[in-house]
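Reader: I should be grateful for a close look at a single part of this model, namely its backbone loops and the features beside them. Please define each term as it arises.

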Amino acid sequence: MKTARRLESLGTETAFRVAQAAADWKSRGNEVYPFHLGDLNFPMAGHIVEAMDQAIKDGKTGYCPGPGVPELRAALADDIGSRRGMTIDPAEVVVTTGGKPVITKFLQAVMDPGAGVLYPNPGFPIYESQIEYLGGTALPYRYVPTSDGFAIDLDHLRASIDESTVAIIYNDLQNPISAESTDAEREAIAAIAQEFDLWVLSDEAYFEMRYKGRSKSIAALEGMRERTVILYTFSKKFAMTGSRLGCAVAPPVIAEAISTMNTNDESCTTQHVQWAGIAALQGPQDSVGRMLEVLRKRRDATCSIINSIPGMSVATPGSTFYVFPDVTEAMETKGIATLSEFSTEALHRTGVSFCTREHFGRRQGWEERSYIRLAYSGIGLDEITEGLGRLRDWVSQG
């Protein structure tokens, strides 16, 4: 019996492979400091849990409309629109089982086999996986280091466009590198999208996971609303990763297509979870502020210790809950040639578990430096200090 050839093009979220290796090491009685997976070790706020429980008690456990219950679509339209300076019609909101399905359904709606789609590399690995699985041509665009972190290489991005290119995936407040666009960079991406008549998927999963300033959406720029799909998720802001609740905000033709895909794929998003989502949006927001304050302290500690490790350096990001340090000289000091070996040795020598650049899209020929990604969303301050202290001692030994 043979399987479909398309499976050869299907990638995965490789952070889960790192998690498996860490779990195996821990099962042997070793200490593990989990910097690998971007999950949150914060509970859902009490009022969200109560709303979910009440919805179950009220019998809201059956099928519901494929695009989402009307009350949630209206709440999302109001919240997302008000935070982005946009007026959104609830009909433009399609509820999904988390933010990740928006990637696949966007591509299915705009990309024919053979068409090109630009995507950030390094970037969330599902971009590359789904473009190729669905028969498209994955066109990676790169980032360059700056004093503040990273910036999109706009010249390289433009040079990657040809007559087959139909879309660009744009992830401001980016995973894994925590890059945040300046106004000028965001406007440049918008200008390129309009010049080449490209659809845009604006992945805004971390839109409100920031420690200073205020986020802006490319969809709010002139001429962008009709070509942009916003990916929204409850996972980060409300610590609802396992609840699987998100949405697409899309032009009517794409919203209708995604609604139809919902009916074909999963019928609908779990109804009682949707009512919890309404409570999350409309209820008290103080738990969000408390979580961000804890994450800010974790970020500061992580960056401070990393920058004290010989051969490692990182800028302090203003958003997300990741850091992406350069470890090129540290690897040379240890006599280690590959990131895979570096991560394995670090786990076995120090217990610190992390992803590397190679977990976020294929490494490209232009890359000369080596990076790792540390997520501080699921590890406490004491563990951060202890684990990274061990990493520093190990690297310092040469």
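Author: Helices (H or I, at least four residues) and strands (E, at least two) are taken as DSSP runs, numbered from the N terminus. The model is predicted, so to speak of local features requires pLDDT of at least 70 and side-chain atom pairs count only at pLDDT 80 or more, whereas totals for chains, interfaces and linings use all residues. Residues are numbered from 1 along each chain as its sequence is written, and side-chain values use heavy atoms, with hydrogens and water left out.

The loop between strand E3 (116-120) and helix H5 contains Pro 122. The peptide bond that leads into this proline from Asn 121 is cis, with omega near 5°. Most peptide bonds are trans, and most residues other than glycine have a negative phi.

Helix H5 (residues 125-133) pairs with helix H4 (residues 100-110): their axes come within 10 Å and cross at roughly 30°. Axes here are lines fitted to C-alpha atoms, for helices over the stretch in contact, and angles run from 0 to 180 degrees between N-to-C directions. H4 and H5 are therefore roughly parallel to each other, a term that covers angles under 35 degrees. The crossing of H4 past H5 is right-handed, that is, the near helix is turned clockwise from the far one by less than a right angle.

A second loop, between strand E7 (165-170) and helix H7 (183-195), holds Pro 176. The bond joining Asn 175 to Pro 176 is also a cis peptide bond, and its omega is about 20°. Leu 173 belongs to the loop between E7 and H7 as well; although Leu 173 is not a glycine, its phi is positive, at about 55°.

The largest pocket offers about 620 Å³ of space. Its lining comprises 31 residues, and Thr 146, Asp 148, Gly 149, Phe 150 and Ala 315 are the closest to its centre. Strands E5 (143-146), E6 (149-152) and E11 (322-323) each give two or more residues to this lining, and E6 supplies the largest share, 3 residues. A pocket is an open set of points on a 1 Å grid over the protein atoms alone where a 1.4 Å probe fits, with protein on both sides within 12 Å along at least five of seven lines; lining residues have an atom within 4 Å of a point. The volume is the space filled by probe spheres set on the points, which are joined across faces, edges and corners.

Definitions and conventions. Parallel < 35°, antiparallel > 145°, perpendicular 65-115°, else oblique.
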